[in-house]
Amino acid sequence: MTTHTTATPPSDKGSPAGQRAWLRRVLIGLVILLLTGIAGFGALVEFADYCESDFLPFEESISAEPYVQNVSSNAATVMWRTEERTDGYVVFGTAGEADRTVASDSSTVHAVRLANLRPDTEYVYEVRSGESVYDSATFNTAPGPDGEVTAIVVGDTGSGEPPQYEVAEVMMDINADLLLHTGDVVYPHGGTCRYEERYYAPYREMIESVPVYPVLGNHDVRTDNGEPYLTAFELPAESSGTERYYSFDYGPLHVAALDSELYYNDDTIPTERQKAWLREDLAASDRPWKVVIIHRPPYSSSPFHGGDRQILEDLVAIFEEEEVDVVFAGHEHVYERLVPIDGVTYFVTGGGGADLRSAGRSDLTAVSSLRYHALEVKASPERVLINAVGIDGEVFDTIELTQPDPSVVTPVRPPG
């Protein structure tokens with residue numbers, strides 16, 4: 001693993017690729033300014049957060065060092081990105097026995113599936129691609145249902161501003177096995193050119209070892225209906241036939257990841273198809289804990305958006321009937337834990353780096369806080385402990401759910 005002593009937002013102009021992209025944006029902005037006169041100044045300012053490919057017909061290539069995705073008990077995917085088309089290969093194995101090799105075809109987006117792995121085992125891997133030899137890294141395969149896992153839950157991250165990097169530091173201090181992302185990975189429009197400095201850079205040291213399982217947010221679908229998002233991640237589509245919503249097992253957790261944007265800007269799949277799949281998927285699971293991640297929250301006391309009526313009316317009944325234990329949502333840039341509602345505990349966790357908004361309270365609020373944060377989720381077959389951690393390292397809310405009645409939530413006094 002490459003060691004970084006600081007975590008600071010990189011400049012758009014810090015690399016040759018960044019300089020070229022920045023120059024293209026300036027030139028296109030000047031054209032806009034000339035074509036539209038004085039009114040074009042506002043367009044030029046707004047343009048700073050768009051990608052060139054939103055205006056011109058070419059594909060943008062960015063670079064990303066190797067990272068892991070879609071880790072199960074017996075397989076994992078290693079991904080990386082190169083600005084030019086190259087081939088490459090991954091050498092991997094257990095410590096001292098990294099002698100297996102899988103090749104990648106010539107591409108700019110590489111995804112190599114490593115199969116026939118052992119459960120709950122650490123693997124070492126090294127990527128060689130074109131002229132580049134990347135540092136070796138490790139990942140762990142998932143344990144079985146009787147194992148213990150630690151997950152991070154975070155949302156609304158991709159601003160590229162200092163708070164995102166501060167939350168990333170908090171996340172690095174959590175020894176996580178997997179990361180659940182409640183959407184809006186990259187602001188403001190989910191464009192390819194923003195992934196380099198607003199996703200890969202802040203989390204580079206984490207994602208080389210920890211798989212990320214996200215859901216589509218409203219900002220993620222604004223560019224090409226989410227194609228940059230779908231390119232950046234490999235998600236377990238075998239569970240549903242699509243990467244827009246999916247499920248997977250990891251230790252004692254069964255996680256269903258939903259696409260709330262099917263009700264809004266994502267018209268690729270009928271909402272009824274997701275509903276039917278969700279009901280069947282949850283009913284078939286025998287893992288000790290059922291977890292849902294979704295971008296738009298069915299319940300929220302924030303005055304900015306509030307709870308989403310369509311999600312509430314269409315999906316909450318399924319959560320209750322199929323005995324979901326916890327629902328994690330984002331969209332509101334706050335922290336809120338709701339009181340248990342018909343056996344389900346709901347969280348709004350949208351404090352991952354984007355500008356914070358007004359926190360609210362209602363009769364359904366257990367805890368509400370306007371602060372940047374991430375959640376630490378420690379799960380065993382018998383209990384789930386959830387800590388909300390601020391950028392100062394303070395655990396400002398913590399609860400425990402236990403079997404056989406996880407609908408009873410036990411608040412735990414934060415340390416200190």
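Here are a few worked exercises on this predicted model.

**Exercise 1. Locate H295 and decide: buried or exposed?**

Start with the chain. H295 sits in the loop between strand 12 (289-294) and helix 7 (309-321). Next, check accessibility: the cut-off for buried is under 20% relative accessible area. H295 has 0% relative accessibility, so it counts as buried. Finally, look for a side-chain partner. The side chain of H295 makes a polar contact of 3.3 Å with that of D184.

**Exercise 2. Work out which side chains of strand 4 point to the buried face.**

Walk along residues 122-129 and you'll see the side chains alternate. One set, made up of Y123, Y125, V127 and S129, points to one face and is buried. The other set, E122, V124, E126 and R128, points to the other face and is not buried.

**Exercise 3. Which strands pair with strand 4, and over how many bridges?**

Take the partners one at a time.

- Strand 2 (residues 76-93) runs antiparallel to strand 4, and six bridges join the two. If you want a pair to click on, G88 has S129 of strand 4 as its bridge partner.
- Strand 6 (residues 137-140) also pairs with strand 4 in the antiparallel sense, over four bridges. Here V124 is matched with T138 in strand 6.
- Strand 5 (residues 132-133) is joined to strand 4 by two bridges, again antiparallel. S129 stands opposite S132 of strand 5.

Now zoom in on the turn. The hairpin of strand 4 and strand 5 has two residues between the strands, and G130 takes a positive phi near 60 degrees there.

**Exercise 4. Pick out salt bridges and say what parts of the chain they tie together.**

A bit of background: side chains of opposite charge can pair when their charged atoms come close. The structure has 16 salt bridges in total, so let's go through a few of them.

Step one is R287 with D249, a salt bridge at 3.7 Å from N to O. R287 lies in the loop between helix 6 (271-284) and strand 12, while D249 is in strand 10 (residues 246-250), so this pair ties together parts 38 residues apart in sequence. D249 has a relative accessible area of 34%, so it is partly exposed.

Step two is R296 with E261, where the closest N and O atoms are 2.9 Å apart. R296 belongs to the loop between strand 12 and helix 7, and E261 to the loop between strand 11 (253-257) and helix 6, so the pair links parts 35 residues apart in sequence. On accessibility, R296 is at 10% and therefore counts as buried. E261 is buried too, with a relative accessible area of 0%.

Step three is a network: salt bridges with shared partners join E65, R204 and E208. Within this network, E208 and R204 have their closest N and O atoms 3.7 Å apart. Both E208 and R204 are buried.

**Exercise 5. Classify the packing of helix 6 and helix 7.**

Two packed helices are described by the angle between their axes and the distance between the axes. For helix 6 and helix 7, the angle is about 10 degrees and the axes are 10 Å apart. Angles under 35 degrees count as roughly parallel, and helix 6 and helix 7 are therefore roughly parallel to each other. To finish, list who makes the contact. Helix 6 contributes T271, K275, L278, R279 and L282, and helix 7 contributes D314, L315, I318, F319 and E321.

Methods:
Residues are numbered from 1 along each chain as its sequence is written. This is a predicted model: local features need pLDDT of at least 70, side-chain atom pairs count only at pLDDT 80 or more; totals for chains, interfaces and linings use all residues. Side-chain values use heavy atoms; hydrogens and water are left out. Buried means under 20% relative accessible area, exposed over 50%, partly exposed in between (1.4 Å probe, protein chains only). A polar contact is a pair of N or O atoms within 3.5 Å; within protein, one must be able to donate a hydrogen and the other to accept it, and residues adjacent in sequence count only if both atoms are side-chain atoms. Two strands pair if DSSP finds at least two bridges between them. A salt bridge is a side-chain nitrogen of Lys or Arg within 4 Å of a carboxyl oxygen of Asp or Glu. Axes are lines fitted to C-alpha atoms, for helices over the stretch in contact, and angles run from 0 to 180 degrees between N-to-C directions. Angles under 35 degrees count as roughly parallel, over 145 as roughly antiparallel, 65 to 115 as roughly perpendicular and the rest as oblique. Contact means heavy atoms within 4.5 Å.
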